[in-house]
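Trainee: I would like a close look at a single part of this model, followed by enough of its surroundings to place it. Please keep it plain.

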Amino acid sequence: MSLFSGEENKLNLPPPESSRPQYAAKQHGSKFVTDENKQSCSKTFSAGESSGGSCNAVASDQQNFSLPGSSKTSFSRKPNESKNINPVFLNAFKEQVSAIPNSLTKKKGSKKCTDSSNLSDPSGIDYTMKDSKTKKNKEMQRNKLNQFDKLIEMVLNNIHLKKLLNEEELKKISEYKSMKSDKKFLLLMIYSLSNHWYNLYTFCTEVQFYADEKEISDIFKELHKERLVEYINYQNLDYDLKDLLKTLSNDQLKNIMNKLPLEENRKRKLTKSDRVDILNEKFNSRNELKHLAMQAIKTVLGTAIRLTQPMYDLFNYLYFLATFTNPEFSDINQYFKHVIDENGEFPTAPIEDCIVFNTRTEFTDYVAAVQLQLKLNGEKNNIEISMIANKAYQELSPHRPRIAYENFPHIQQFTSTQVYCSILSKCCKLGFESSNYENDNLLKWLEFLLNTFKETRKMGTWLRQFIEILKRKKDMTNATVILIRELFKRKDFFKETDFHLLGELGRCLGNHARQNGNIFDHDSIIKLIPRRIDLSLFQRIFIDMTENESKSQIKNEIVSHYSGEGYSKYQEGGPVLKALLVIYFWDIIYNPETVIPYTFISKLQFAPLDMYTFDGIKKCSRFYGERKKFIDQRIREIERSWSEQYLIKFGKTNYQDHSHEFSAAGIIMNIINDVGTIELLVSIIGRQILAKIFERLIKDFDQYQKGMPDFLFWDINKRTYKFVVSSTKESLNMLPIAQNLWLEYLYKNQASAEVCFVRTGGTKKKMKKQSSAATENDST
């Protein structure tokens with residue numbers, strides 16, 4: 001179905017929804033007038049013309065309401081449904097709403113209006129700018145518009161992507177391209193801010209669109225007339241109140257709550273999410289209360305705008321069609337940050353033609369799933385997380401595997417099924433870590449994931465959470481049986497970290513089985529689990545700080561200590577090792593002798609699509625499995641085949657050719673800022689050690705990029721180095737398992753490494769080294 005229809009290129013808005021209400025009213029020319037007060041209507045609302053730019057026409061129950069640029073429409077207010085509400089409370093709250101200070105309508109840091117008679121600007125912001133700053137803002141606007149125009153052209157020039165848009169959408173794109181730049185920029189910026197409700201003038205300030213308030217008003221009146229943006233109607237009670245409350249700041253919500261007896265006897269400090277939930281529950285209980293809530297929101301939000309739903313969907317479709325192959329571009333602001341702020345170039349690789357979405361439905365389903373995933377990111381409310389999890393679970397039941405590209409799992413990731421799987425997996429993780437979740441829900445979701453997605457690297461995490469919940473429920477027998485069965489059948493699918501964590505669970509269950517006389521189960525588990533990491537191998541030092549310090553201060557203390565020992569240079573360990581890996585494997589990653597099908601299908605990729613994909617058939621990283629011959633050969637060349645001179649020359653050449661480009665490790669010149677550092681690190685660390693590190697990373701980049709050393713220190717004069725893992729804990733047992741596994745790997749390959757424990761809250765600074773034979777008790 002077309003998003004856009006109708007004559008004269010006008011948008012036909014979709015049917016009313018709770019999140020996108022339409023104005024249920026009759027049209028009477030150019031103003032909105034209530035049925036009750038048509039005759040007394042004398043005020044016409046126009047954006048930026050009424051006092052304070054807000055809906056003053058509804059400040060009183062007997063006043064009329066009109067909307068900018070709209071046809072005249074009549075409203076009928078619902079009968080008072082608040083007969084059981086205490087009238088004292090209602091009258092008191094009405095007074096308190098009107099008493100909310102005007103300062104709350106201003107963003108933090110905005111300038112106060114020096115002329116109290118100037119009521120046309122609700123926030124009192126001075127929009128006058130110096131020529132140089134205006135020029136800089138115009139340049140920023142041009143850059144963002146140019147980049148978005150390039151994304152549009154990418155979609156329109158790709159026949160497979162273009163066919164996913166219908167004729168009306170293509171027509172609307174053409175109209176957008178022909179607009180004046182000011183209009184295009186404002187529409188783009190509303191989209192970039194997730195299309196929340198924004199005060200008209202505060203929004204313009206935030207996106208650095210500085211213009212006369214009348215000019216701003218006229219622009220948005222035109223956009224509203226063209227049905228590209230909508231204004232909030234504070235008389236309409238069909239809006240999602242919770243969505244509106246979320247647009248307010250914590251201080252604004254707190255001010256509203258202070259007018260009500262809602263914070264009494266609360267033992268903990270309320271977060272913004274808490275206040276939104278409390279107010280939403282309170283105000284949604286009666287229509288009269290919701291009306292009062294809308295008036296309170298109007299006081300602090302004023303004239304609020306956002307894109308119409310069809311326009312927002314169109315922007316969304318265009319952006320996702322252009323950038324879906326790059327996980328770094330989760331939203332358009334991340335895209336602007338990379339291509340404008342970092343100003344890097346995309347790597348050159350052979351781009352293949354690939355039909356990822358066979359139908360429009362497949363694509364729109366994928367977008368809906370990604371939108372739900374973005375909603376989950378940063379969500380801390382357990383109720384909201386549970387609702388998202390249930391939504392994902394319902395979408396996955398029944399599971400319908402996609403047949404197309406079944407031999408290419410790196411293409412399968414662009415299906416709604418895979419996205420919903422990731423959502424449900426993350427919800428299970430959040431629920432597992434939270435004491436507020438119902439274990440029965442978690443068991444249901446985890447059991448579904450384990451039975452449905454049987455060839456994924458997430459299998460080990462799901463199994464560990466499932467077994468742990470059974471253990472908490474004292475169901476040791478079932479936990480033991482399931483663990484033995486899954487370890488026997490699927491341990492090749494587990495990440496090394498999950499395998500070791502399952503091993504610790506297995507030891508606990510095995511001991512319980514032995515205590516209950518079941519020796520067979522104990523012995524079966526011991527045969528299947530890995531051995532423990534030998535923590536006594538690791539060298540440790542301790543730094544005592546006088547008080548609890550910030551992360552930056554702790555880092556400075558660590559750097560100062562090693563500098564005092566002669567290590568005058570340092571880099572963050574993980575980024576520099578990944579950058580070196582990409583430098584020495586650039587041709588294999590981006591320009592292989594044998595092209596691997598459908599690994600580069602867009603010029604906006606930082607890495608091949610299979611770099612983070614597990615091959616369930618070969619039971620290894622698909623990236624390594626498809627390039628095994630070339631990767632193994634390169635490791636041998638780095639370790640011993642190439643001469644020292646050629647090894648250094650090869651690294652320097654790739655650095656000079658590609659360090660300015662985006663890569664799987666980021667922009668390399670931002671990590672290693674001098675080509676001479678390549679020679680230093682290769683000669684100081686040694687080619688054998690580097691080859692072993694590269695071998696571990698390149699064979700499973702997705703798994704082993706986690707847990708790498710925090711620092712790499714080196715002494716130029718003595719030609720020595722040291723990998724350092726830092727921690728504010730005081731025990732190796734408390735380090736993440738991924739870091740312990742990396743430390744063990746480095747020690748086994750004779751690399752110089754140690755753990756630096758920073759103990760805060762001490763009375764004096766002291767250093768203490770322990771030999772490799774020190775016991776764990778000594779370290780505490």
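Which residues line the largest cavity?

Mentor: The model is predicted, and what follows is computed from it. The lining of the largest cavity is made up of Pro350, Ile589, Pro592, Val595, Ile596, Thr599, Phe600, Pro608 and Arg627. By class, that lining has 7 nonpolar residues, 1 polar and 1 charged. Arginine counts as charged, so the charged member of the lining is Arg627. Threonine is not in the nonpolar or charged list, so Thr599 is the polar one. The volume enclosed is about 50 Å³, and the structure holds 4 cavities of 30 Å³ or more.

The chain around this cavity has 780 residues, of which 52% count as buried. It contains 33 helices and 14 strands. Among contacts with a separation of 6 or more, 75% join residues 24 or more positions apart. The exposed surface comes to about 37400 Å², with 47% of it supplied by carbon and sulfur atoms.

Next, a residue in a loop. Lys618 lies between β9 (614–615) and β10 (620–621). Its relative accessibility is 44%, which falls between the limits of 20% and 50%, so Lys618 is partly exposed. Beyond its neighbours within four places in sequence, Lys618 is in contact with Gly625 and Glu626. Asp492 is 126 residues away from Lys618 along the chain, yet their C-alpha atoms are separated by 9.8 Å.

A strand residue gives another case. Gln571 belongs to β8 (residues 569–572). With 16% relative accessibility, Gln571 is under the 20% limit and therefore counts as buried. Setting aside residues up to four places away, Gln571 touches Val576, Ile671, Ile672, Asp710, Phe711, Leu712 and Trp714. Strand β11 covers residues 711–715, so Phe711, Leu712 and Trp714 in that list fall within β11.

Three helices can be taken in turn. Helix α11 (residues 287–301) has 15 residues, which at 1.5 Å a residue should span 21 Å; the distance between its end C-alpha atoms is 20 Å, in agreement. Of those 15 residues 13 are buried, so α11 is largely enclosed by the rest of the structure. Gly302 follows α11 and has a positive phi, near 70 degrees.

Helix α17 (residues 416–433) has 18 residues and reaches 26 Å from its first C-alpha to its last, close to the 26 Å expected. Its buried residues are Ser416, Thr417, Val419, Tyr420, Cys421, Ile423, Leu424, Ser425, Cys427, Cys428, Gly431 and Phe432. An α-helix has 3.6 residues a turn, so residues three or four places apart point the same way. In α17, Tyr420, Ile423, Cys427 and Gly431 are among the buried residues. The buried residues of α17 pack against four helices: α14 (360–376), α15 (382–396), α18 (439–452) and α19 (459–472).

Helix α32 (residues 737–748) has 12 residues and an expected span of 16 Å at 1.5 Å a residue, and its end C-alpha atoms are 16 Å apart, which agrees. In α32, 10 of the 12 residues are buried, so the rest of the structure largely encloses this helix. The buried residues are Ala738, Gln739, Asn740, Leu741, Trp742, Leu743, Glu744, Tyr745, Leu746 and Tyr747. Their cover includes the helices α21 (496–515), α30 (687–699) and α31 (701–704), together with the strands β12 (720–727) and β13 (753–759). After α32 comes Gln750, with a positive phi near 60 degrees.

Positive phi also appears at two arginines in loops. Arg227 is not a glycine, yet its phi is near 60 degrees. Arg227 sits between α7 (213–225) and β5 (229–231), and its relative accessibility of 37% makes it partly exposed. Arg719, also not a glycine, has a positive phi of about 55 degrees. The loop that holds Arg719 runs between β11 (711–715) and β12. At 42% relative accessibility, Arg719 counts as partly exposed.

To return to the part you asked about: the largest cavity is lined by 7 nonpolar residues, 1 polar and 1 charged, and has a volume of about 50 Å³.

Key:
Residues are numbered from 1 along each chain as its sequence is written. This is a predicted model: local features need pLDDT of at least 70, side-chain atom pairs count only at pLDDT 80 or more; totals for chains, interfaces and linings use all residues. Side-chain values use heavy atoms; hydrogens and water are left out. Buried means under 20% relative accessible area, exposed over 50%, partly exposed in between (1.4 Å probe, protein chains only). Contact means heavy atoms within 4.5 Å. Accessible areas come from the Shrake-Rupley method with a 1.4 Å probe; for residues, only the protein chains shown count as cover. The expected span of a helix is 1.5 Å times one less than its number of residues. On a 1 Å grid over the protein atoms alone, a cavity is a set of points where a 1.4 Å probe fits but cannot get out, and a pocket is an open set with protein on both sides within 12 Å along at least five of seven lines; lining residues have an atom within 4 Å of a point. Grid points are joined across faces, edges and corners, and a volume is the space filled by probe spheres set on the points.
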